[in-house]
Amino acid sequence: MATWDVFKELDNLRREIDEAFRGAGYNRPFGPTFLSPLTTRRFPLVNFSEDEGHVYIEALIPGVDPKDVDLTVLRNTVTISGERKPFVEKEGQIVHRSELGSGKFSRTLELPVDIDPDKITASCRDGIMQINLAKAEHAKPKKIDIKLS
C-alpha cells in the first residue's frame, strides 16, 4: 500500500507555483520562490557582538564578490547590501537542483550605541565579512573615581 507524504506534495506544489511565476517574470530577492525556506528571508546571516570599545559584526556572504557588497553606516545603523550573481547553466549540462539564491539583498542592523564613522574597518575572507566598528567616545563607558570625604 502506497503512503501519502504531505510534505512531498507541498514541495511539488511550491515548485509548480515557482514555475508558473518564473514564466510570468516575477522575481523575488533570491529568485522566484513561493513559500521559500526561512533561511533565505534574512540574508546575510550575521553574528553581532560588542565589548567596551567596539561593535563586531560577522556577515555570511558565501559566493558574493566583496566588490558587489555595499556597507553603509549612519549614526547607529549599519546596512549591508549587494547582489549575488545567478547560477549560469552551461550548455549540455543537466541541472537537478539549484538552491543557491541569487539577486539583490539588503540587511539593516540597529546598533545599541553610536559609532565613530572614522574608525570602521571591514574585511572579507572565506565568505565571511568581518566589520569592526569603534564606539563613539560619548558611547563608551566612563570610570568615575569616587573621592573619600
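The following exchange asks why certain labels apply in this predicted model.

Author: Local features here need pLDDT of at least 70 and side-chain atom pairs count only at pLDDT 80 or more, whereas totals for chains, interfaces and linings use all residues. Residues are numbered from 1 along each chain as its sequence is written, and side-chain values use heavy atoms, with hydrogens and water left out.

Reader: Why is the contact of Glu50 and Lys135 called a salt bridge?

Author: A salt bridge requires a side-chain nitrogen of Lys or Arg within 4 Å of a carboxyl oxygen of Asp or Glu; the N to O distance for Glu50 and Lys135 is 2.5 Å, so the pair satisfies the rule. Glu50 belongs to strand β1 (residues 45-50) and Lys135 to strand β7 (residues 128-135), 85 residues apart, where strands are DSSP runs of E with at least two residues.

Reader: What makes Lys135 buried or exposed?

Author: Buried means under 20% relative accessible area, exposed over 50%, and partly exposed in between, with a 1.4 Å probe and protein chains only. Lys135 has 6% relative accessibility and therefore counts as buried, while Glu50, with 41%, is partly exposed.

Reader: How do you know whether Asp126 is buried or exposed?

Author: Asp126 has 70% relative accessibility and so counts as exposed, and Arg125, with a relative accessible area of 65%, is exposed as well. The side chains of Asp126 and Arg125 also meet in a salt bridge, at 4.0 Å from N to O, and by this rule the count comes to 2 salt bridges.

Notes
Helix = DSSP H or I, 4+ residues; strand = E, 2+ residues; numbered from the N terminus.
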